[in-house]
Amino acid sequence: MEVSIKISGQAVSVKVTVEVCKYLDQAEHKTENLAHEQRRHWDRREFDEYIVAREGRCYSETPEQWLCRKETLQEIMSVLESCTEIQRQRFLLFALHGLSYSAIGRLCNCSKSAVQDSIEAVRKKCRNFFAYPPYGKEFSG
C-alpha cells in the first residue's frame, strides 16, 4: 500500500504494509481529536462559546429553545388542523397578517361578529389543547 507523508515540507510517496497504514490513520485521527480538544478548551470555554468568540457569531437560541419552539409550533399546527377551513383562514389573517375583524369580514364577505366568533373558537381550542394536552402532560409555562 502506498501513502503520502510530508518530510521537510515535501510530500513523499512511501510503500507500507496495511498495519502501518492503519497505524498512520489512527495517529492522524488522534491528532485531529487533540487539536479539536485544544480548540475546545483554549480558554476554558465550551466549544460553542469558542465558536462565538472566534467567529463573532451570536446564537440567540439554544438547541433546547429551538426544539421547544419547534414542538410548540407543531402543537399549534395540530390545533389549527382540527379547526374548520373558515376558522383557520380567519384566524391566520388575524394572527399572522394583523388584519382587524372588520378587514377580515370585508375580505371574506362576512360580518365582523362572524370573524370574531371564528377567531374565538380557534382560541378556545388552543386553550383546551394546552390545558388538557392529548399526550397526558400538563402544560407548564
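This tour moves through a predicted model, from a hairpin near the start of the chain to a crossing of two helices.

**The hairpin**

Begin by selecting residues 2-7, which form strand E1, together with E2; the two strands pair in the antiparallel sense, over six bridges. Strand E2 covers residues 10-15. Show the side chains at valine 3 and look across to the partner strand: valine 14 in E2 stands opposite valine 3. Next, select the turn. Two residues lie between the strands of this hairpin, and serine 8 adopts a positive phi there, near 55 degrees. Before leaving, display the surface over E2. How many of the six residues of strand E2 are buried? The count is zero, and the strand is hardly covered.

**From the hairpin to helix H1**

Select residues 18-40, which make up helix H1, and pick out valine 20 within this helix. Valine 20 is partly exposed, its relative accessible area being 36%. A distance drawn from the C-alpha atom of valine 20 to that of valine 3 gives 9.8 Å, for two residues 17 places apart along the chain.

**The crossing of H3 and H6**

Now select residues 63-81, helix H3, along with H6; their axes come within 10 Å and cross at roughly 130 degrees. Why are the two helices described as oblique to each other? The crossing angle is roughly 130 degrees, and an angle that is neither under 35, nor over 145, nor from 65 to 115 degrees counts as oblique, so H3 and H6 fall in that class. The crossing of H3 past H6 is right-handed. To see the contact, show Glu75, Ile76, Ser78, Val79 and Leu80 on H3, and Val122, Lys125, Cys126, Phe129 and Phe130 on H6. Colouring this contact by class gives seven nonpolar residues, one polar and two charged.

**Glutamine 87 in helix H4**

Move to residues 85-95, helix H4, and select glutamine 87. Is this side chain's residue, glutamine 87, buried or exposed? Glutamine 87 has a relative accessible area of 15% and is therefore buried, the cut-off being under 20%. Leaving aside residues up to four places away in sequence, glutamine 87 touches Ser118, Ala121, Val122 and Lys125. Two of these names, Val122 and Lys125, also appear in the contact of H6 with H3.

**The loop before H6**

Finish at asparagine 109, in the loop that joins helix H5 (101-108) to helix H6 (112-131). Asparagine 109 is exposed, with a relative accessible area of 73%. The backbone of asparagine 109 also merits inspection: phi is near 55 degrees, a positive value in a residue other than glycine.

Note on methods:
Residues numbered from 1 in each chain as written. Predicted model: local features only at pLDDT ≥ 70, side-chain atom pairs only at ≥ 80, totals over all residues. Heavy atoms only, no water. Buried < 20%, exposed > 50% of the residue type's maximum accessible area, 1.4 Å probe, protein only. Helix = DSSP H or I, 4+ residues; strand = E, 2+ residues; numbered from the N terminus. Pairing = 2+ DSSP bridges. Contact = heavy atoms within 4.5 Å. Axes fitted to C-alpha atoms, helices over the stretch in contact; angles between N-to-C directions. Left-handed = near helix turned anticlockwise from the far one by under 90°. Nonpolar A, V, L, I, M, F, W, Y, C, P; charged D, E, K, R; others polar.
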